[in-house]
Amino acid sequence: MKLTILGFWGGYPTKNSGTSSYLLETENYHLLIDVGSASLIALENHLDPLELDAVILSHYHYDHIADLGVLQFTRQLKRMKNNLERASMLPIYGHQGDDENFKRLTMDLVSEGIAYQEQQKITIGPFEIQFMKTLHPVECYAMKIVEMKTGKTLVYTADSGYLPELIPFSKDADILLADTNFFNGMENHRVHMTASEVGRIAKVAEVKKVILTHLPQVGDLELLKAQAVNEAPKTEIIVAEKDLTIEI
Ligand code: ZN
């Protein structure tokens with residue numbers, strides 16, 4: 001499978017790049033994970049938004065859902081070439097802990113909100129997905145996404161303060177896509193993780209590769225990476241960049 005970073009900043013977009021959004025693809029299936037600010041325009045460089053097969057949302061903070069409405073409008077208004085049919089109904093998976101936001105996932109003839117639950121494994125196209133509730137001011141879920149055909153695994157922490165449970169959840173993952181919003185010195189925060197906390201998870205869980213994301217706009221990202229590497233010197237660690245594509 002292939003992962004493409006569409007947006008990676010925490011909180012707000014800057015410097016021509018947007019907030020959390022990731023495209024996960026196999027040959028025939030295109031799953032969008034979170035739909036942050038500026039993600040729709042970034043998506044267009046890789047895939048016609050009409051070709052998306054499903055969307056999954058970790059939580060309803062704006063920096064993860066800002067472009068959801070315009071994605072729905074795109075699907076409603078932009079017709080297939082030489083064909084006046086609408087795009088097919090787009091399934092949008094989200095939790096139902098916030099009823100008002102969950103309802104917005106459904107738009108007549110355009111998209112359908114589908115609820116997931118922490119205790120339930122679900123199948124979305126070629127992927128099997130498990131959830132873990134994170135430490136965050138609003139209900140939010142980390143995801144372990146397994147490509148069923150190959151067994152390759154992506155763990156996305158979504159937004160979270162450090163939780164020891166993230167270690168077994170991430171065990172042996174091929175990729176850990178991790179909220180690293182803070183430099184060291186902010187450990188045990190209730191909203192996001194520091195570089196060394198992410199490094200600790202990566203090391204103990206023996207993940208193959210870490211992508212630091214949900215990045216801070218202020219500060220040296222090379223230092224952020226160095227702090228993670230210091231904690232997990234044997235793990236491959238990279239910093240998210242717009243349009244970065246990784247074969248998993
Ligand atoms: Zn958040």
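Let me start with charge: in this protein, which is a predicted model, there are 23 positive and 34 negative side chains, and the centres of those two sets lie 2 Å apart. The surface of the protein is the next thing to look at, and about 11000 Å² of it is exposed, with carbon and sulfur atoms supplying 49% of that area.

Turning to the overall fold, the secondary structure comes to seven helices and 15 strands. The radius of gyration is 17 Å, close to the 18 Å that the globule rule gives for 248 residues, so the protein is as compact as a globular protein of that length. If you take the principal axes as your frame, the C-alpha atoms fill a box of roughly 55 × 40 × 35 Å. Buried residues make up 57% of the 248 residues, and, among contacts between residues at least 6 apart in sequence, 57% join residues at least 24 apart.

With that picture in mind, I would like to go to two neighbouring positions, Gly 94 and His 95. Gly 94 lies in strand S6, while His 95 has its place in the loop between strand S6 (90-94) and helix H4 (99-103). Are these residues buried or exposed? Gly 94 counts as buried, at 0% relative accessibility, and His 95 is buried too, with a relative accessible area of 2%.

What, then, does His 95 touch, once residues up to four places away in sequence are not counted? The list is Ser 58, His 59, Tyr 60, Phe 102, Tyr 116, Glu 139, Cys 140 and Tyr 141. For Glu 139 there is a further detail, in that its backbone oxygen lies 2.9 Å from a polar atom of the side chain of His 95.

Gly 94, leaving aside its neighbours within four places in sequence, is in contact with residues including Leu 57, Leu 105, Ile 114 and Ala 115. Tyr 60, Phe 102 and Tyr 116 are among the contacts of Gly 94, and those three names also appear among the residues that His 95 touches. As for Ile 114, which is 20 residues from Gly 94 along the chain, the C-alpha atoms of the two are separated by 6.3 Å.

Let me move on to helix H6, and ask how many of its eleven residues are buried. Eight of them are, so H6 is largely enclosed by the rest of the structure. Those buried residues are Ala 195, Ser 196, Glu 197, Val 198, Gly 199, Ile 201, Ala 202 and Ala 205, and what covers them includes H5, S12, S13 and helix H7 (221-231).

Just after H6 comes Glu 206, which takes a positive phi of about 55°, a sign worth pointing out here in a residue other than glycine. Glu 206 is found in the loop between helix H6 (195-205) and strand S13 (209-213), and, with a relative accessible area of 51%, it is exposed.

Finally, a positive phi in a residue other than glycine also turns up at Asp 172, where the value is near 60°. This residue is found in the loop between helix H5 (166-170) and strand S12 (175-179), and Asp 172 is partly exposed, its relative accessible area being 40%. The two elements that flank this loop, H5 and S12, are ones we have already met, since they are included in what covers the buried residues of H6.

How values were computed: Residues are numbered from 1 along each chain as its sequence is written. This is a predicted model: local features need pLDDT of at least 70, side-chain atom pairs count only at pLDDT 80 or more; totals for chains, interfaces and linings use all residues. Side-chain values use heavy atoms; hydrogens and water are left out. Helices (H or I, at least four residues) and strands (E, at least two) are DSSP runs, numbered from the N terminus. The radius of gyration is taken over C-alpha atoms; the globule rule is 2.2 Å times the number of residues to the power 0.38. Buried means under 20% relative accessible area, exposed over 50%, partly exposed in between (1.4 Å probe, protein chains only). Contact means heavy atoms within 4.5 Å. Accessible areas come from the Shrake-Rupley method with a 1.4 Å probe; for residues, only the protein chains shown count as cover. Lys and Arg count as positive and Asp and Glu as negative; His and the chain ends are not counted. The place of a charge is taken as NZ of Lys, CZ of Arg, CG of Asp or CD of Glu. A polar contact is a pair of N or O atoms within 3.5 Å; within protein, one must be able to donate a hydrogen and the other to accept it, and residues adjacent in sequence count only if both atoms are side-chain atoms.
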